[in-house]
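Work through these exercises with the sequence and the model side by side. Try each task before reading its solution.

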Amino acid sequence: IYCSVLRLHLTNKNKKVSGLQALPKMLAFGVLAIFFFLDLPSVELCPVPCECTELRDHGFRVDCSSKHLKEVPVLPENTIELYLQENHLTTVAPGKFDKLQNLRKLDLSSNPWNCDCHIAYLKHWLEDQKLISDSSVLCSTPALINGKHILNLTGNEYPACKNHELILCKSIIHRNICIFAVSFLVFLLLACAVHIAKYLSYRVFMAECPISSNSQRKSGREKEFCK
């Protein structure tokens, strides 16, 4: 019995010792897990086709070059360097770069930029920024301004804008005409409804107070009712 108790005591002691030895490993695993979850948001912010590198000044270098992109992906707000060269970008959606307040370096070269009305946002945004940028942001289409730098474009060199504004103006005029026509039709219907209501009221009045051809006299009570 003594041997059994001693063996049981030693077994429990060994379990406690092994548990104490495993404690540092569990703590290390917990710390790693905490760091992983803390770093998870920055990983999720990086666009899937791009490569993001964290810089010393708490920002990112986002490399999206040569990824066959047709549009600018959603970018981390703390992007400091952005590389979008050698893709298939033709325009940038309005507001796409507005949140990149810390951006210092940008490369948009070797893209087939379509310099129509929709390129105006990129042009004005580049004019307002003070950053290191590749100078070869050149128009690919339309053919009349092929090879011209986006920053050198003038209002007269947006050939598609005139047609766009004309179409927009025509659509506004057509919409106003339709609104006026519908309003006028509703007014006519209301006027007809009022006229019909008055006519029916008159017929009901005449049915309740008939006037004979011989102009018979009515009692004072009937006259008062008809009045």
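**Exercise 1.** Classify the disulfide of Cys-46 and Cys-52 by its handedness.

*Solution.* Start with the sulfur atoms: those of Cys-46 and Cys-52 are 2.0 Å apart. A disulfide here is a pair of cysteine sulfur atoms within 2.5 Å, so the two residues are joined. Next, take the torsion about the S-S bond. It is about 95° for Cys-46 and Cys-52, so this disulfide is right-handed. Last, check exposure (buried: under 20% relative accessible area; exposed: over 50%; partly exposed: in between; 1.4 Å probe, protein chains only). Cys-46 counts as buried at 16%. Cys-52 counts as partly exposed at 25%.

This is a predicted model, where local features need pLDDT of at least 70, side-chain atom pairs count only at pLDDT 80 or more, and totals for chains, interfaces and linings use all residues. Residues are numbered from 1 along each chain as its sequence is written, and side-chain values use heavy atoms, with hydrogens and water left out.

**Exercise 2.** The structure holds 3 disulfides. Place Cys-115 and Cys-139 in the chain and give the hand of their link.

*Solution.* The sulfur atoms of Cys-115 and Cys-139 are 1.9 Å apart. Their S-S torsion is about -95°, so the disulfide is left-handed. The pair links distant parts of the chain, 24 residues apart: Cys-115 sits in the loop between β5 and α2, and Cys-139 in strand β7 (residues 139-141). Helices (H or I, at least four residues) and strands (E, at least two) are DSSP runs, numbered from the N terminus. Cys-115 is buried, at 0% relative accessible area. Cys-139 is buried too, at 2%.

**Exercise 3.** How many aromatic pairs are there, and which geometry does each have?

*Solution.* Apply the rule: rings of Phe, Tyr and Trp (its six-membered ring) pair if their centres lie within 6.5 Å; planes under 30 degrees apart are stacked, over 60 edge-to-face, the rest tilted. The count comes to 2. Phe-97 and Trp-125 are tilted, with 4.9 Å between centres and 50° between planes. Phe-97 lies in the loop between β3 (79-83) and β4 (105-107), and Trp-125 in helix α2 (residues 120-128), 28 residues apart. Phe-97 is buried at 1%, and Trp-125 is buried at 6%. The ring centres of Phe-180 and Phe-184 are 6.4 Å apart and the planes are at 15°, so this pair is stacked. Phe-180 and Phe-184 are 4 residues apart in helix α3, about one helical turn. Phe-180 is exposed at 61%, while Phe-184 is partly exposed at 45%.
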